[in-house]
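Trainee: I should like to learn how a protein fold is read, step by step. May we work through an example together?

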Amino acid sequence: MTNNVLGHNCEWFQNLLANAGEKGFSITAAHEAGERMFCLEARPIEKGALKDLVFPGAPPDIGIAVAMRIPVFFCPSCGRDLSRLIAEHTKDFDELAILAPSLAVRPES
Ligand SMILES: [Zn+2]
């Protein structure tokens with residue numbers, strides 16, 4: 001991963017962007033409700049481990065969140081205005097968004 005994605009040379013941001021779709025926190029490029037935005041995403045378990053989740057005694061229709069995200073408009077590390085960054089690098093942002101993993105997480109069969 002380059003250390004200068006969209007002209008934002010911030011190690012924290014780059015590391016989380018590189019972790020998109022993996023366990024832990026990450027930053028993803030997303031199109032939500034017609035808007036371009038970066039999201040802070042949390043995935044508590046490995047993608048491949050989802051099928052192994054077993055909660056003995058839990059009701060069969062209980063729902064658990066295995067991926068969550070919220071939009072971030074300023075870099076939580078350095079404070080850079082991310083909306084402005086997107087506006088200045090729209091084409092590059094859209095390419096990142098195409099590569100970003102979906103929030104949908106389904107057990108592998
Ligand atoms: Zn930053």
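Mentor: Certainly. Please keep in mind that this is a predicted model. We shall begin with the elements and then turn to the sheet.

Trainee: How many helices and strands does the chain have, and in what order do the elements run?

Mentor: One begins by listing the elements from the N terminus. Here the secondary structure comes to 3 helices and 3 strands, and the order along the chain is α-β-β-β-α-α.

Trainee: How are the strands arranged in the sheet?

Mentor: For a sheet, one asks for the order of the strands and the sense of their pairing. This one is an open sheet of 3 strands, in the order 1-2-3, with antiparallel pairing. Its edge strands are strand 1 (24-32) and strand 3 (68-72), each of which pairs on one side only. On average, neighbouring strands of the sheet are turned by 35° against each other, with direction ignored.

Trainee: What links strand 1 and strand 2?

Mentor: These two strands form a hairpin, with 2 residues between them. In the turn, Ala33 has a positive phi of about 50°. The two strands pair in the antiparallel sense over 9 bridges, and one example is Phe25, whose bridge partner in strand 2 is Ala42.

Trainee: Over how many bridges do strand 2 and strand 3 pair?

Mentor: Strand 2 (residues 35-43) pairs with strand 3 over 5 bridges, again in the antiparallel sense. Individual bridges show how the strands are aligned. Phe38 has Val72 as its bridge partner in strand 3, while Cys39 has Pro71.

Trainee: Which helix lies across strand 1 and strand 2?

Mentor: That is helix 3 (residues 90-99), which runs at about 115° to strand 1.

Trainee: Let us turn to one residue. Is Glu41 buried or exposed, and why?

Mentor: To decide, one counts the C-beta atoms around the residue; 20 or more within 10 Å make it buried. Glu41, which has its place in strand 2, counts as buried because it has 24 C-beta neighbours inside 10 Å. Across the chain of 109 residues, buried residues make up 17%.

Trainee: With which residues is Glu41 in contact, if its neighbours within four places in sequence are left aside?

Mentor: Its contacts are Phe25, Ser26, Thr28, Ala67, Met68 and Arg69. Glu41 and Arg69 are 28 residues apart in sequence, yet their C-alpha atoms are 4.1 Å apart in space. For the chain, take the contacts with a separation of 6 or more: residues 24 or more positions apart account for 57% of them.

Definitions and conventions. Residues numbered from 1 in each chain as written. Predicted model: local features only at pLDDT ≥ 70, side-chain atom pairs only at ≥ 80, totals over all residues. Pairing = 2+ DSSP bridges. Helix = DSSP H or I, 4+ residues; strand = E, 2+ residues; numbered from the N terminus. Axes fitted to C-alpha atoms, helices over the stretch in contact; angles between N-to-C directions. Contact = placed C-beta atoms within 7 Å. Buried ≥ 20, exposed ≤ 12 C-beta atoms within 10 Å, placed from the backbone.
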